[in-house]
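Please look over the model shown below before reading on. The briefing that follows takes up strand pairing, a helix and the packing of side chains.

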Amino acid sequence: SEAAAGALVSKLGAQLQECYRNWLAMDIKAYHDHKRSASWERYASATPGGMTVYGVFTVPPKGYDPATHLYAVGREGSTVVLLHMSMVGNRDNAPVTSFTKAADTALQVLYP
């Protein structure tokens with residue numbers, strides 16, 4: 001139903017906002033006793049009513065590669081759409097504008 005789809009989009013958004021904390025709480029043996037950090041950001045859609053984009057950025061200890069994950073979450077009626085892109089690199093290299101545009105286009109193509 002549309003109500004269930006709306007609830008799922010809200011739940012996914014909340015989980016994505018907590019994703020970085022879950023990564024920090026993970027017991028990763030290679031990272032023991034080393035500093036690591038993580039953060040997230042919510043980006044506005046380029047299209048009104050389009051996808052909401054979340055960025056999750058993890059920075060492991062020195063000697064390991066940082067990671068960027070971009071997620072787009074949206075819905076049309078009772079259908080929920082979720083896109084994910086992962087790449088090695090830091091927040092400054094995240095292709096947020098291109099990913100947001102692609103996510104909005106995907107929703108428009110699926111549901112013109």
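**Strand pairing, helix and cores**

The strands β3 (67–76) and β4 (residues 79–88) run antiparallel and are joined by 10 bridges, where strands are taken to pair if DSSP finds at least two bridges between them. This is a predicted model, in which local features need pLDDT of at least 70 and side-chain atom pairs count only at pLDDT 80 or more, while totals for chains, interfaces and linings use all residues. Residues are numbered from 1 along each chain as its sequence is written, and side-chain values use heavy atoms, with hydrogens and water left out. Helices (H or I, at least four residues) and strands (E, at least two) are DSSP runs, numbered from the N terminus.

**The β3–β4 hairpin**
- With 2 residues between them, β3 and β4 form a hairpin, and Gly-77 in the turn has a positive phi of about 60°.
- Within this pairing, Val-73 has Leu-82 of β4 as its bridge partner.

**Helix α1**
- The 24 residues of α1 should span 34 Å at 1.5 Å a residue, and the end C-alpha atoms are 34 Å apart, which agrees; the expected span is 1.5 Å times one less than the number of residues.
- A kink of about 40° in α1 is centred on Glu-18, the bend at a residue being the angle between axes fitted to the seven residues ending there and the seven starting there.
- Ala-5, Leu-12, Gly-13, Leu-16, Tyr-20 and Trp-23 are the buried residues of α1, and what covers them includes β1 (37–43), β2, β3 and β4.
- Buried means under 20% relative accessible area, exposed over 50% and partly exposed in between, with a 1.4 Å probe and protein chains only.
- Gln-17, which lies in α1 (residues 2–25), counts as partly exposed because its relative accessibility is 24%.
- Leaving aside neighbours within four places in sequence, Gln-17 is in contact (heavy atoms within 4.5 Å) with Trp-40 and Tyr-54.
- Gln-17 and Gly-55 are 38 residues apart in sequence, and their C-alpha atoms are 8.7 Å apart in space.

**Nonpolar cores**
- The largest nonpolar core (buried Ala, Val, Leu, Ile, Met, Phe, Trp, Tyr and Cys residues joined through side-chain atoms within 4.5 Å) has 12 residues, among them Tyr-43, Val-53, Phe-57, Leu-70 and Phe-99.
- Two or more residues of this core come from each of β2 (52–59), β3 and α2 (96–110), and α2 gives the largest share, 4 residues.
- A second, separate core of 10 residues includes Tyr-20, Trp-23, Tyr-54 and Val-56.
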